Amino acid sequence: MSPGPLLFGAALGQLAGMIVSRRAPRFWLPATLASAVAALGAALFVLGGGAEWQWRSDFAIAGDSLHLRLDGLSAFFLVLVAVVVGAGAVYSREYWTDAAHPRSATAGRFWWSVLALSLGVVLVSSNGLHFLIGWELFTLAAFFLITLDRQRGEVRAAGWLYLGASHVGTLALFAFFTGIAARTGGWDLGPMRGHAELAPLFWLALFGFGLKSGMFPLHIWLPSAHANAPSHVSAILSGVTIKIGIYGLVRFTGWLPVPAAAGWTIAAAGVVSAVLGVAFALGQHNLKRLLAYHSVENIGIILIGVGFGVVAVAHGSDAASWGRLALAGALLHVWNHGLFKSLLFLGAGSVLHATGTREMSRLGGLWRAMPWTATLFALGAVAISGLPPLNGFVSEWLVYLGLFDAALTRGAAAWAVVPAAILLGVTGALALACFAKVCGVVFLGAPRSEAAARAHESGPAMRGSMLVLAAACVAIGLAPVMFWPAVARAIGAWEPAWVDATPPDSLAVLGWAHLVLAALALAGALVLWRRAHRVTAPRALTWDCGYAAPTARMQYTAGSFAGIVTEWFDWILRPVRHAERPEVPFPEHAGWTSHTPETVLEHIVHPVGGVVMQISAATRRLQHGRLAAYLFYLLVGVAALGTIVVIDVSQ
Amino acid sequence: MNAFAIAFVEFVVRLAGWLVLAPLLPGIINKVKAWVGGRRGPPVLQLYYDLARLWQKGVVLSTLVSPGFVAGPAVAWVAVLGAALLLPLGPIGASLSFHGDVLLLIYLLALARFCMAWAAMETGSAFEGMGAAREVSYAVLAEAALITAVLALSVHSGSVTLVTMLTPAAGAGAVLLAAGLFTVLLAENCRVPFDDPSTHLELTMIHEVMILDHSGPPLAAILHGASMKLLLFAVLLVEAVLPLGGLSRLAAAGALAAGVLVVTVGVGLVESLMARLAFRRVPLLLTTAFLLCLFALLVAWKGGDA
């Protein structure tokens with residue numbers, strides 16, 4: 001038994017999906033699902049203890065022969081790709097139907113298959129050239145998926161920003177891979193920590209992969225792209241594709257030597273991303289944009305774990321125990337964030353589908369019409385806030401343990417660990433505040449608009465795919481030990497010296513504690529519910545200080561809920577506020593709006609871009625179409641070259 | 001079998017202790033406040049009477065609320081109880097102890113906070129939204145202080161397990177840590193100077209305003225949970241400062257009870273002698289608590305080097 005045939009089957013499934021996406025759309029979903037199951041099987045085979053799979057062929061693409069490899073690390077990420085590709089495909093059959101989107105549904109299916117296939121190629125190719133081809137293909141596929149709804153101007157703008165930013169990152173990766181190829185004499189990739197001369201290339205990788213993963217301050221493209229894409233696309237972008245950036249970072253910090261500052265830099269970037277990501281999320285009023293900023297936060301948490309893992313490797317075998325915990329937390333958080341963020345985006349998609357708006361200030365009280373969506377979204381919210389007994393807490397707990405254990409060593413790493421641990425705690429509390437706000441404003445209270453009042457629950461396909469993702473979140477939360485072998489296998493592929501298949505004892509205890517907590521919480525809720533409804537509970541107006549005619553507009557809004565915290569972060573959020581105060585004794589009009597723009601984009605990238613554009617515009621004056629002037633340029637050029645040659649010869 | 005029976009009995013006694021003793025604390029605080037104010041005040045057992053009466057009462061629900069309005073307080077109560085059971089009690093240890101249990105304790109309290117904020121948002125009331133917003137926002141700073149305090153204890157004892165962390169005294173940094181933790185206790189339990197539990201003006205409340213619409217058994221669960229949380233913080237503070245783990249069972253129980261009493265009376269005195277802070281001052285005081293814990297951490301760090 002080898003995962004090879006399964007992987008080829010999966011690839012064939014996606015190719016078949018591309019072919020049938022136009023002519024026979026009803027076969028598209030089975031093909032995609034079969035492919036996802038095959039890929040999942042291959043990945044689980046390797047993670048379950050099977051041998052890593054390598055395949056070399058004389059068949060050449062772009063002049064280089066194929067070299068595929070499925071080791072613990074790529075299999076670990078492949079699981080996430082397979083699960084989210086499958087769930088998103090099911091969701092899309094109801095969410096982005098041919099009837100509702102006749103112009104783009106076909107393209108949506110086609111590019112979904114391309115995206116899935118190219119993600120797989122990136123994960124299994126062990127050749128720099130083919131990695132880049134897969135990378136470019138998946139960037140393009142994601143661009144076309146983001147711009148499916150390209151009649152809207154903001155979608156086109158988000159798409160262009162994504163495309164431009166991605167290619168800046170790809171440029172860095174071109175330099176990275178050609179740098180490796182130039183120094184090793186071939187495109188072939190593999191463990192090569194012995195080549196110390198490769199270490200400086202790490203900075204290129206950090207830029208390229210960091211940009212793709214949405215690391216602060218390279219995240220500028222992420223919020224608008226994830227907010228404006230169709231929701232199933234947002235789910236895979238946020239759940240999976242940004243994790244491919246993490247994959248690249250983990251892959252090449254494992255295979256290549258890194259400079260001494262690498263781990264510290266990754267961890268510092270992680271801390272900044274985590275805190276500022278959630279701060280920006282708190283400032284948002286658009287549900288999907290808010291979720292997008294939470295991706296920046298969670299990538300930060302992952303980077304903290306990865307960064308201290310890299311630091312631990314540099315510290316030698318003494319640091320292995322805490323380094324392993326931090327890295328395990330980071331890797332498990334890759335899965336966890338992929339699951340609950342996809343769940344949340346699909347939930348946001350259901351809200352959008354039912355109400356037609358993403359503005360939280362127009363929503364409210366949706367639980368009544370959409371009990372399934374509300375419950376599943378709440379579950380995702382508890383998970384992403386890192387609360388027990390769900391999966392988000394398990395991975396954050398592992399990262400914390402790594403940090404605390406490192407602090408106990410009182411070594412050089414300990415100084416960096418203390419602020420990281422404290423800020424991780426701050427991040428958790430801020431995320432809790434943010435999701436209390438989202439759940440409260442979107443699903444609870446009274447509907448704030450007609451659209452919210454007329455909402456409806458989504459159909460079985462949309463609910464089903466959310467249920468699968470939610471079940472996975474619960475499973476990892478309640479039985480984390482079951483998933484440890486997969487994490488251990490991925491760690492082993494990263495740092496062979498750290499192989500340890502036995503889970504930490506406390507992880508098993510934590511799983512049991514979660515199980516008991518979940519059971520008691522359910523039982524407690526049931527008991528209290530029955531006690532409260534012993535006699536029929538009369539219903540009355542919400543008590544508003546005796547006010548008899550409360551309206552939905554009196555409720556706390558997203559902006560007012562987050563007001564206290566966003567004020568603390570004014571220095572970076574730079575919100576734009578516009579107030580019309582009621583002034584005359586009987587004011588007819590008053591208003592208040594606030595908007596939190598993307599600070600890095602508007603205050604750094606746009607001004608710098610503006611300067612570049614001005615310089616470019618100035619140079620354009622040289623290009624005016626007058627032949628005489630061009631001849632003059634030629635003359636000047638030849639004269640300059642001649643002067644250089646003459647001076648050179650005379651020396 | 002015998003050992004199992006003993007463990008079971010011990011667990012039941014511990015559970016009963018947490019459940020039964022917790023409502024005593026608010027009673028003592030109120031008695032201290034009455035005493036300082038020269039009044040007779042309500043009986044120490046007043047909260048028990050209130051809880052019994054609320055448990056018997058019916059419920060009035062807002063027209064807007066979902067089942068989460070009742071489930072929230074229940075889950076929050078379970079979470080606080082779970083956190084309490086993780087806390088070791090001197091030499092008899094905790095019900096459940098493992099590497100990293102202290103983080104579970106902190107996050108169980110966070111879970112309780114999330115559930116309470118959820119239940120508050122259920123009603124669609126501006127007041128309760130305001131209370132929830134304040135609760136979750138100020139908790140950010142309180143959590144930073146709490147994690148720093150935990151780090152200080154960890155570094156001092158060289159462990160991330162509560163039982164080992166709380167066995168010795170906090171060493172030279174104990175005073176700093178006690179001051180920091182006491183401030184966090186006041187903030188997390190919504191006491192003066194952060195919040196005034198006996199105020200009657202909704203605009204100035206945090207915790208009380210979140211539960212305006214709760215009545216009957218759910219309100220009983222909330223009040224009981226709040227008293228357990230207060231006891232939990234008091235026990236944590238006492239154990240962080242006193243080396244209870246080294247004492248005999250009887251001495252430890254006495255020291256713990258005396259310590260908790262001192263903390264409770266201290267809360268009552270603060271409440272009698274201070275006014276509630278203006279809300280924009282709250283972050284400042286919490287940052288001070290954080291800094292106190294940070295200095296305690298530094299002391300623990302240097303103390304270990306010497």
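User: Where does Ala62(A) lie in chain A?

Analyst: You'll find Ala62(A) in the loop between β1 (53-61) and β2 (64-70) of chain A. Keep in mind that this is a predicted model.

User: Why is Ala62(A) called exposed?

Analyst: Its relative accessible area is 57%. The label "exposed" needs a value over 50%, so Ala62(A) earns it.

User: And what makes Arg574(A) count as partly exposed?

Analyst: Arg574(A) comes out at 44% relative accessibility. Buried would be under 20% and exposed over 50%, so Arg574(A) falls in between and is called partly exposed. Its place is the loop between α21 (570-573) and β4 (576-580) of chain A.

User: What makes the phi of these two worth pointing out?

Analyst: Most residues other than glycine have a negative phi. Ala62(A) isn't a glycine, yet its phi is positive, about 55 degrees. Arg574(A) isn't one either, and its phi is also positive, about 45 degrees.

User: What makes the bond between Phe216(A) and Pro217(A) stand out?

Analyst: Most peptide bonds are trans. This one is cis, with omega at about 0 degrees. Pro217(A) sits in the loop between α7 (202-213) and α8 (222-228) of chain A. Chain B has a cis bond too, from Val192(B) to Pro193(B), where omega is near 10 degrees. Pro193(B) belongs to the loop between α8 and α9 (207-210) of chain B.

User: Why does the size of chain B agree with a compact globule?

Analyst: Here the rule of thumb and the model match: 306 residues packed as a compact globule would give a radius of gyration near 19 Å, and chain B has 19 Å. As for its make-up, chain B has twelve helices and one strand, and 59% of its 306 residues count as buried.

User: How many cavities of 30 Å³ or more are there, and what is the volume of the largest?

Analyst: The whole structure has nine of them, and the largest has a volume of about 120 Å³. Of the 13 residues lining that one, the closest to its centre include Glu135(B), Tyr138(B) and Ala187(B).

User: What makes up its lining, by class and by element?

Analyst: By class, the lining has nine nonpolar, four charged and no polar residues. Tyr counts as nonpolar and Glu as charged. By element, α6(B) gives the largest share, five residues.

Conventions: Residues numbered from 1 in each chain as written. Chains lettered and ligands numbered in written order. Predicted model: local features only at pLDDT ≥ 70, side-chain atom pairs only at ≥ 80, totals over all residues. Heavy atoms only, no water. 1 Å grid on protein atoms, 1.4 Å probe; cavity = no way out; pocket = protein on both sides within 12 Å on 5 of 7 lines; lining within 4 Å. Points joined across faces, edges and corners; volume = space filled by probe spheres on them. Helix = DSSP H or I, 4+ residues; strand = E, 2+ residues; numbered from the N terminus. Rg over C-alpha atoms; globule rule 2.2 N^0.38 Å. Buried < 20%, exposed > 50% of the residue type's maximum accessible area, 1.4 Å probe, protein only.
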